[in-house]
Amino acid sequence: MSQMPQQAAVPKCPSCEEPLESGDRFCGACGYDLSAVPARPDESPTIALNGSVPAPSWAPDGADWPTVRDSDGHGRPAPVHTAAEVPGTDSGGSPLPPPPPTAPPMPSVAPDARSDRPDRPREPDEYPLQAPDPRLAADPAAPDPAGSASAGSVSAGSVSAAAEKVCVACRAGRVDDDGYCENCGHAQPRERDHMEQASGPVAAVSDRGLRHHRNEDAFSVGCTALPDGAPASVAIVCDGVSSATRPDDASLAASRAAGESLLTALPRGTHPQQAMHDAIVAASHAVNALADEPATAREQAPHQNAPACTLVGAVVTAGLLVVGWVGDSRVYWVPADRSAPPARLTEDDSWAAQMVAAGLMNEAEAYADERAHAITGWLGADAYELEPHTASYKPDRPGLVVVCTDGLWNYAESAEEMAEAVPLDAAARPLHGARVLVGHALDGGGHDNVTVALLPFPAPSQGAGSA
């Protein structure tokens, strides 16, 4: 993606960069107190690089998984892998140690473009959490009964707590109808700062993180039935490209369009892999449409670029696992038998993956580079060409499918590290497991928005709950 032209210098809020007017004491967008302005945080958000690259060869984390094959794009999905092609014997090693009762510590991973580096100014203190902290969550919420009963149940995430009546900043002032404290003027939690949704056996959690002023991630989860009555679970996770205009709107539009497309196509008998391909195309159209909306011109005119986001998704049935993606969000496979090897099922559309595939760097070197998270594939009107990736698998054992943005996998990059972070009971309690994983990212630094969806495999029968 080409760089955005620089606008004429105007006073901006140091928290959300909303334009300010002379004499403002508080930001009109986020309520930030302008009387004491800290040093601006130095972030290196996800950006997009123009140029398409050939799909590199890849084998996830040493496991002998089959090569990913895409749909042919003409209504005929690629052949499904047979059970014999998926690991069916134990690795021979000792079982992975269970996680401690509290959130696991941050694993040792290579620094990335968003990590603190000696050549960068020190970042300020964390932004205050404006939503319930998943690390301190009480008993998991009950599942959404409507989500597992209706094929049309699609959600980009629902707020886990009711609107605040008392200011979250001063704990004294009353909140007016516009969402600001009448005592200190502080803006109250926004709907997307923290979102949770459970739909039958699948659940997702999204959080703003500790360094970003807004949440640019979105998700969609749902359950439906195939024509033969077999259950199917669906999860879509999208990450807005921070260097683009309205990345939060792009991720929301993409997640909704893809989720609705899947939950409409599967009951009609469309093959799950072809349904995933079509869902990515539908999401692309939804994001492209945002570029023509007047709201975009009002926000950035005349200097604007197209809204953009990445997408990753999974469909789980009684015997089939289908994944699809564009960008650098990921899907991991964690078997219920933790002595069996886990695996990463997607390949990043990123500069780092390109360097590794070309043999110019090893994985540790590539992901330590400041360009590591520059993406080479995304959804948006300025993407050169849409190239949806899809793959299907038939695992021969039960397990858990983890669908997440880089806000999580930055702190659990390898399949083994992700498996260690996943609670042992996550398949039975997916909402709780998703909360634990979000807490794992926040405990590790929370440098980015964090979103994760969990889907047990095989898909349980309709009516199965989530705790």
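Which backbone oxygen does the side chain of H212 reach? The report returns to this after a look at the whole chain.

## The whole chain

This is a predicted model. The protein chain has 467 residues, and 52% of them are buried. It holds nine helices and 13 strands.

Now consider contacts between residues at least 6 apart in sequence. In the protein chain, 72% of these join residues at least 24 apart. The chain also exposes about 19,500 Å². Carbon and sulfur atoms supply 52% of that exposed area.

## Helix α2

Helix α2 covers residues 247-265. How far apart should its ends be? Its 19 residues, at 1.5 Å a residue, should span 27 Å. The expected span is 1.5 Å times one less than the number of residues, so the count used is not the full 19. The end C-alpha atoms are 27 Å apart, which agrees with the expected span.

Helix α2 is also mostly covered. Of its 19 residues, 15 are buried.

## H212 and its contacts

H212 sits in a loop. The strand β3 (202-207) lies on one side of this loop in sequence, and β4 (217-225) lies on the other.

Is H212 buried or exposed? Its relative accessible area is 6%. Buried means under 20%, so H212 counts as buried.

Back to the opening question. The side chain of H212 reaches the backbone oxygen of H447, at 3.4 Å. The side chain of H212 also makes a polar contact of 3.4 Å with the side chain of D448.

How values were computed. Residues are numbered from 1 along each chain as its sequence is written. This is a predicted model: local features need pLDDT of at least 70, side-chain atom pairs count only at pLDDT 80 or more; totals for chains, interfaces and linings use all residues. Side-chain values use heavy atoms; hydrogens and water are left out. Helices (H or I, at least four residues) and strands (E, at least two) are DSSP runs, numbered from the N terminus. Buried means under 20% relative accessible area, exposed over 50%, partly exposed in between (1.4 Å probe, protein chains only). A polar contact is a pair of N or O atoms within 3.5 Å; within protein, one must be able to donate a hydrogen and the other to accept it, and residues adjacent in sequence count only if both atoms are side-chain atoms. Contact means heavy atoms within 4.5 Å. Accessible areas come from the Shrake-Rupley method with a 1.4 Å probe; for residues, only the protein chains shown count as cover.
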